[in-house]
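Visitor: I work at the bench and like to know the reason behind each label. Could you walk me through this model and show how its terms are earned?

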Amino acid sequence: MQKMALKNIKVLDFTQVRVGPQITQWLAVMGAEVIRLETKFRPESFKMTNNPGNLTTPGKYRVGYFASLNYSKESITLNMRNPKALELVKELVKYIDIVAENFRTGVMEKWGLGYNDLKKINPGIILISASGFGRTGPMKDEPAYAPVIDGFSGYSYVNGYPDGEPAEAGARGFSDSIAAYQGVFAIMAALYHRSKTGEGQFLDLSMSEADVALGPEALIEYAVTGRVQGRLGNSDKHLAPHNVYRCLGEDNWVAIAVSNDKEWKDLCKAMGNPKWIKDARFADAAGRRAHKDELDALIETWTVKHEHREAMQILQSAGVIAGASLKVQEFCQDPHIKERGFLIDIEYPDKSTIRRSALPLNLSVTGKGNYTHPPEAGENNQYVFGKIMGLADEKIKELEKEQVIY
Amino acid sequence: MNAQALSGLKVLEYGEFIAAPYCGKLLADLGADVIKVEKPGTGDRARENGPFPQDQPHPEKSGLFLYLNTNKRGVTLDLKKAAGRKVFQELVKWADVLIENNPRQDLPKLGLDYSALHEINPKLVVTSITYFGHTGPYRDYKGCDLVANHVSVEAFLNPCYEVYNEDLNPPMKLPGHSGDFLSGVIAAINTMSAVFVVQQTGAGQHVDLSEQEAVASIICHEVGDYFDAGITYLRDRKYRWEESPKYPCSDGFIMMNIPFQFWEGVVRMMDSPEWAQNPEYKTPVGLLHDHWKEIQPRLIAWFKQHTCAEVVKRAQAQRLDIAIVASAKEMSENKMFEERGFFVEIDHKKAGRLKFPGAPCKFSATPAQTPHGAPLLGENNTAVYSGMLGFKPTKIQKLQESGVI
């Protein structure tokens, strides 16, 4: 852990479900000590739902989705309804650098843990607060539900086929992920500022704003031309061919894009220079754009003869921009992904392991990050209350009995 | 002027289009000193992308370029010329960070691979963004946003329920250039991570970011499902986690979340029709499991009789979780964004006033300033080459005449 970017940084993690835990996961992997605050009275939501990855070994408790987002973290249990637990948290804050939460607006303040409260205890504290629509403004009390945020932030409107309807954006967790990454970057910037000045601050991360900032193209179009952009599917405003073509086999497809005349010639050559390439309509970029539907149909007569990964290989060898449309299992078995070390095995204390995707963190000296097992609830009670806060063993036992540490 | 979060961080940006420039923008907008290096003549190819006012192409008025390059200083420099590379080395000595998104072999071919850069400036963080990364069997594969979306499984899992017709429609990428933007923000995280290590050790390092991995980071659960339980998601409804929350109104679509506790509110929103009062709908299992298939078409029929605005008004009166599937126009006029001060008005020398999305996160102590417009091509040549690097006028003239700058 010596050279990790966030060594010596401690995070008190109140986050739940997806956007919040994804933020603190990055911090943990970059070397911070992330202390999840949980309680036996209310198991984390993923632990309650039926994830395919739930293991049912007696006494053990491995939960798939919880594991995906919470590796490398620690966990304490505190019953926040008990005033003694609140006192403990306020004491713990003295040792903390970053507090992270994604509750409904007002929850932290109700506990006396709003930014101004935290600042009194620890002047340099950084608080990141993730919500659907921000902690100020007319929608600060709205819950954060991803499809609603997608609709609001414009992604849904532009996500779909030209002849079809809008759709929720992206694979599950898309809008959470985008906002989480913006949040992690904001924290890093706040830490940089603090390293120079000692000053902490409050980071108000509105998922809808974070998402819009990362997906601005329709708004740019509207600002500059007044046009409302529609849905483009896999096509591009400028490039042709630029589409996804059926390949041999069940639901196999390959994406191909051509961005200049040389790449067009390379594509033609890779396809064996079929007669139809000489068609005058396809002679230049403008022509290929104007007749892209016919062009796409003709390209597909070649791709259908090849499995998608084979098509990708043939095309790439010829210098063509191409990519197989991978399914999850194909991605998980892909030789490039494997060699890149993007899939990691994480070991639990009982020596059992789970395999997960790593974070896209890749530094030449520091490496790919810190990957340790996702914590059981309260796994680190002794360490945090005893070692960090200096409570005696008897005191901790007493608080456990009183269901304060619970 | 308030202090800025990244004041004092010196960044050299040598890239084009979106990924590296978006990373540079994130840093510049928080106060880092970002010098953007463009080739003389045409500059960053985003200048040709548009959109353009009145659809008239102009290298200083491309909407995408203007958004991506706020708050940066701009210089021209031709690295293909030896004299250009010498100037670049001076800039490298100045910088804390170099961000680039060139094909893997480009800088090494110019004698500027990571170890050469590290020798010039041992504290330098070099952030390289490519589609497949610098290692592995696909390290020299060509990419683009479309390809990144598909090789990361993001496209295969992009839900498109109503248009969904597996026999006709291929898997679909995310809108716009989401992959490129995503790799920009993840590059910014990696960069800051390396900057903190420099603070501790005094030594720079190389960030090797693959856009395939950046986009694939979204599907962490699905990867977990495969390894935990051998689940292979197909483009098939039975593997979806929930029914679509999208409902068609008479003039558009809305997104609405209807968990069990909201059902009574939904019934009131519809003026309590008799069919909705069915006692079997009064339990979570009854509502969402047993009867949802017959309920949803009736809901849709009701929605179709009302405009989006009317539905939203009624739903908000019942404190329901709802949003219009908003177009850019609706978003631009959205009161909430206005009250939050989310949009910014940028005043650009050539392109004029533009209303663009603003900061992705609000900082209490170091709030974002009104952005300074993107640089004109070579706008800061004098300030940087003469003012900062101390080149004499004769040297600058020579560089200009030989097309180096």
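Guide: Gladly! Let's begin with the names: helices, H or I runs of at least four residues, and strands, E runs of at least two, are DSSP runs numbered from the N terminus. In those terms, A:S72 sits in the loop between α3 (64-70) and β3 (74-77) of chain A. Please keep in mind that this is a predicted model.

Visitor: Why is A:S72 called buried?

Guide: The cut-off for buried is 20 or more other C-beta atoms within 10 Å. A:S72 has 24 C-beta neighbours inside 10 Å, so A:S72 counts as buried. Its backbone deserves a look too: phi of A:S72 is near 75°, a positive value in a residue other than glycine.

Visitor: And A:N8, what makes it exposed?

Guide: Exposed residues have 12 or fewer such neighbours. A:N8 has 11 other C-beta atoms within 10 Å, and therefore is exposed. A:N8 lies in the segment before β1 (10-13) of chain A, and has a positive phi of about 75° although it is not a glycine.

Visitor: How do you know that B:A46 is buried?

Guide: By the same kind of count: 22 other C-beta atoms lie within 10 Å of B:A46, and the cut-off is 20 or more, so B:A46 is buried. B:A46 belongs to the loop between β2 (33-38) and α2 (63-68) of chain B. Not counting residues up to four places away in sequence, B:A46 touches B:E16, B:F17, B:P21, B:S62, B:L64, B:F65 and B:L68. B:P51 also lies in the loop between β2 and α2 of chain B, and a cis peptide bond with omega of about -5° joins B:G50 and B:P51.

Visitor: Which peptide bond leading to A:P241 is cis?

Guide: The one from A:A240 to A:P241, with omega near -5°. A:P241 is placed in the loop between α10 (217-225) and β7 (242-246) of chain A.

Visitor: What makes helix α1 of chain B mostly covered?

Guide: The helix runs over residues 19-28, and 10 of its 10 residues are buried. Among them are B:P21, B:G24 and B:K25. Across chain B, buried residues make up 52% of the 405 residues.

Visitor: Why are α1(B) and α7(B) called oblique?

Guide: Their axes come within 7 Å and cross at roughly 50°. Roughly parallel requires an angle under 35 degrees and roughly perpendicular covers 65 to 115, so the angle of roughly 50° makes α1(B) oblique to α7(B). On the α1(B) side, the contact is made by B:A19, B:Y22, B:C23, B:L26 and B:L27. The α7(B) residues taking part include B:F181, B:V185 and B:T191. The crossing of this pair is right-handed.

Visitor: How do you know that α8(A) and α7(B) are roughly parallel?

Guide: Helix α8 of chain A covers residues 174-197, and helix α7 of chain B covers residues 178-201. They pack at an angle of about 25°, with their axes 9 Å apart. Angles under 35 degrees count as roughly parallel, and α8(A) and α7(B) therefore earn that label. The residues in contact include A:Y181, A:F185 and A:M188 of α8(A), with B:V185, B:I189 and B:M192 of α7(B). α8(A) passes α7(B) in a left-handed crossing.

Visitor: What makes up the largest nonpolar core?

Guide: That core has 245 residues; those with the most contacts inside it are A:L27, A:F185, A:I187, A:L203, B:L27 and B:I254. Its largest share, 14 residues, comes from α8(A). For the surroundings of A:L203, leave aside its neighbours within four places in sequence: the residues in contact with A:L203 include A:I126, A:I187, A:A190, B:C361 and B:F363. In soluble globular proteins, nonpolar side chains tend to be buried together.

Visitor: Where do the domains of chain B lie?

Guide: The domain assignment gives domain 1 as 10-218 + 341-401 and domain 2 as 245-330. Taken over C-alpha atoms, 43 Å separate their centres. The chain B C-alpha trace spans about 85 × 50 × 45 Å along its principal axes, and its secondary structure comes to 17 helices and 12 strands.

Conventions
Residues numbered from 1 in each chain as written. Chains lettered and ligands numbered in written order. Predicted model: local features only at pLDDT ≥ 70, side-chain atom pairs only at ≥ 80, totals over all residues. Core = buried A, V, L, I, M, F, W, Y, C linked by C-beta atoms within 7 Å. Contact = placed C-beta atoms within 7 Å. Domains from an automatic or database assignment. Axes fitted to C-alpha atoms, helices over the stretch in contact; angles between N-to-C directions. Parallel < 35°, antiparallel > 145°, perpendicular 65-115°, else oblique. Left-handed = near helix turned anticlockwise from the far one by under 90°.
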